[in-house]
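Colleague: I should like to go through this structure with you, beginning with the ligand and ending with a sheet.

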Amino acid sequence: MMTAPHPQTLANAIRFLSVDSIIRADEGHQGVPLGMAEIATALYMNHLKHDPEHPTWWDRDRVVLSNGHGSMLLYSLLYLTGYQKITLEQIKSFRELGSHCAGHPEFEPEAGIEVTTGQLGQGIANAMGMAVSEAFLRARFGTDLVSHYTYAFVGDGCLQEGVGQEMISLAGHLGLGRLILLMDDNAITDDGSTELSISEDVAKRFEVAGWHVQRVDGHDIQAVSACMATARQDRRPSIILARTIIAKGIARLQGQRGGHSAKLFEIDAAQMREDLSWTHPSFEISEEILNAWRTSSGAGQSARAQWVARLAALPTEARTEFERVMRGELPATLEQALDELKERLLAEPPRGGINLSAAINDCMTDYLPERIVACADLEAPTDHKRRLHAFTASDQRGAYIHCGVREHLMGAMCNGMAAHGGTIPVSVTYLAFSDYMRPALRNAALMKLPVKFVFSHDSIGIGKNGPTHRPVEILASLRAMPHMLVMRPADAVEAVECWQVALSYKQGPVSFIFSRQALPHLRSHSVATHLSSRGAYILIEGKSLPRQVTLLATGSEVEIALKAREMLEAKGLSTAVISMPCWELFDKQSEAYRNQVLCPGTKTVAVEAAVKFGWERYLGSQGIFVGMSDFGLSGSAEALYQHFGITPEAVVRAALDD
Ligand SMILES: Cc1ncc(C[n+]2csc(CCOP(=O)(O)OP(=O)(O)O)c2C)c(N)n1
Ligand SMILES: [Mg+2]
């Protein structure tokens, strides 16, 4: 009979796997796996509810490695506990092209990687989003189906980032008691001692925000484990500041600046083997150690079996609805409800673009209870709350989160919600402030998460606020983002169509670019055909064929193009107007369709109240752009459109220009 290995031996297995992999890869960050080996052992051996054979089980605890540079910690744990995708071969190919064990963890739930990390600060904000989803789903479906914790490993760096403070503040305010941070409190970052750059008491920041704070020796497995048990019982979000020594185990580097990622050599590993009395060769984990790790998830496995039985015992209707929500399937009735909304909106006076989105969201409220709107203190001008209730510390059924003025956190939180599954996060703010959430936008695209980002006040038509509020270059920068759909609807019908496309788009995030000013009804004649799904289409063809002029426009400028067309037709020039709500979708259409729409060889003018960057691909060398080449100014929409020359007359002049 095998004797159970000492927990310290189990922790050392993480150390050796990590060091062997980093030496083999010739680079990596040993500081975290060596410093957090005991903390991770306490979590996985004694607390974590998971089933490596069913890595995407919905009611599993979530684990986020926010200090993503320490990726070998996570890969070691996934291999040791038996995640099928993380084999020893994968561990050996750490940092190689195509490996599941990439330099930093890359979102792959089937492999046990809950979220992409590497940009410090993102992970803990994602973790907070996961805790929001869990609380929201638990409030709706009950603890029989939803009852899990979110644990995040976090270092000094994540807590120096501004987004970290935004997270501390809002998670405390919302009372997310199932969120537990495990801090690698080693008082060292890349540059050396944290005294170089920070002097406040970090724990106090958590305390004043209403967190449950504990301090412990991070190398004492039992003590850390006891803190975790206490944290789980506390109703507040928790942080365990676990005092650690960076790179513990490598004599030459432990506690030193170089512990973070200084190059390791075979001699370091040999020395560590001697110091820790480790007799196994590289990459060899003895059967008894592996067995202890592999059986550690036994409690999780039986929890899952009981959960499966509870789910199966539910009345069919309740079970089907829970499964629909968790699979991310839309209710069958939604599409028709949105189709009917088009007619209703057309029967009403024109509204601002953002108010159209508000009406669409209000319609969703009756069909899509899993949709959660997060807004950064712009409820009145964006109007996406309506019948929704606030998600608060005392009532977590609410589907509207008052994020306060914390855009960065809002974006990253929405990413975490989407990665968790079971909710459809919608983030709402002005386009000008999207820069404050840019890392989150980029990570959503990188992970291909289906987050809906709604941006209002999209250009110079926004009332009299100054240039800080007038984005001109941001649209182009979002269009440069791989996997993201950027949609700028021109009227009510397009707005609904774009939302319909967005809701069923699962391959990445969608950014909606909505105007503040009213968008006239332009599509009354063709409501039945879903034209926006092709990205761009002929809104109106020239009166005689072949056409001579092609006008391209998006959003609020489609109206300008239509007025210009009237003037050009009056001069005898056959002119078509192309509405282009989504470039990414249009670029995927067949060449024949694109040629039919763009009619290469005709005089082409594009009009958009933003910079030209990117339009070259449709304009070729001969086409002309009417738009912005500088930041906006204060003044009314009418005055500014005149001032910057974004008018039907300017479009006509461009079309006539040889
Ligand atoms: C946003 C961001 N800025 C900078 C870096 C580069 N970087 C990676 S790890 C690190 C030091 C982080 O310190 P800490 O979290 O304490 O990790 P430790 O050195 O203790 O492992 C830095 C600056 C990064 N990954 N992300
Ligand atoms: Mg540190």
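The exchange below concerns a predicted model.

Colleague: Which residue has a polar backbone atom 2.8 Å from a nitrogen atom of ligand 1?

Modeller: The shell of ligand 1 holds 15 residues, and the closest include His69, Asn186 and His260. An oxygen atom of the ligand lies 3.0 Å from a side-chain N or O atom of Asp156, and an oxygen atom is 2.9 Å from a polar backbone atom of Ile188. For the nitrogen atom, the backbone partner at 2.8 Å belongs to Gly118.

Colleague: How much of the accessible area of ligand 1 does the protein cover?

Modeller: Helix H7 (156-160) and strand E4 (188-189) each contribute at least two residues to the shell around ligand 1. By class, that shell comprises four nonpolar, eight polar and three charged residues. On its own, ligand 1 has 590 Å² of accessible area, of which the protein covers 75%.

Colleague: Which strands form the edges of the open sheet of five strands?

Modeller: The strand order in this sheet is E14-E16-E15-E17-E18, and the pairing is mixed. An edge strand pairs on one side only, as do strand E14 (537-540) and strand E18 (624-626). The edges are therefore E14 and E18.

Colleague: What is the bridge partner of Leu552 in E17?

Modeller: Strand E15 (residues 549-553) and strand E17 (residues 603-607) run parallel and are joined by five bridges. In E17, Leu552 has as its bridge partner Ala606.

Colleague: At what angle to E14 does helix H24 run?

Modeller: Helix H24 (residues 591-598) lies across E14, E15 and strand E16 (575-579). Its angle to E14 is about 25 degrees.

Definitions and conventions: Residues numbered from 1 in each chain as written. Chains lettered and ligands numbered in written order. Predicted model: local features only at pLDDT ≥ 70, side-chain atom pairs only at ≥ 80, totals over all residues. Heavy atoms only, no water. Near = heavy atom within 4 Å. Polar contact = N/O pair within 3.5 Å; in protein donor to acceptor, adjacent residues only side chain to side chain. Areas by Shrake-Rupley, 256 points an atom, 1.4 Å probe, with all protein chains shown as cover. Helix = DSSP H or I, 4+ residues; strand = E, 2+ residues; numbered from the N terminus. Nonpolar A, V, L, I, M, F, W, Y, C, P; charged D, E, K, R; others polar. Pairing = 2+ DSSP bridges. Contact = heavy atoms within 4.5 Å. Axes fitted to C-alpha atoms, helices over the stretch in contact; angles between N-to-C directions.
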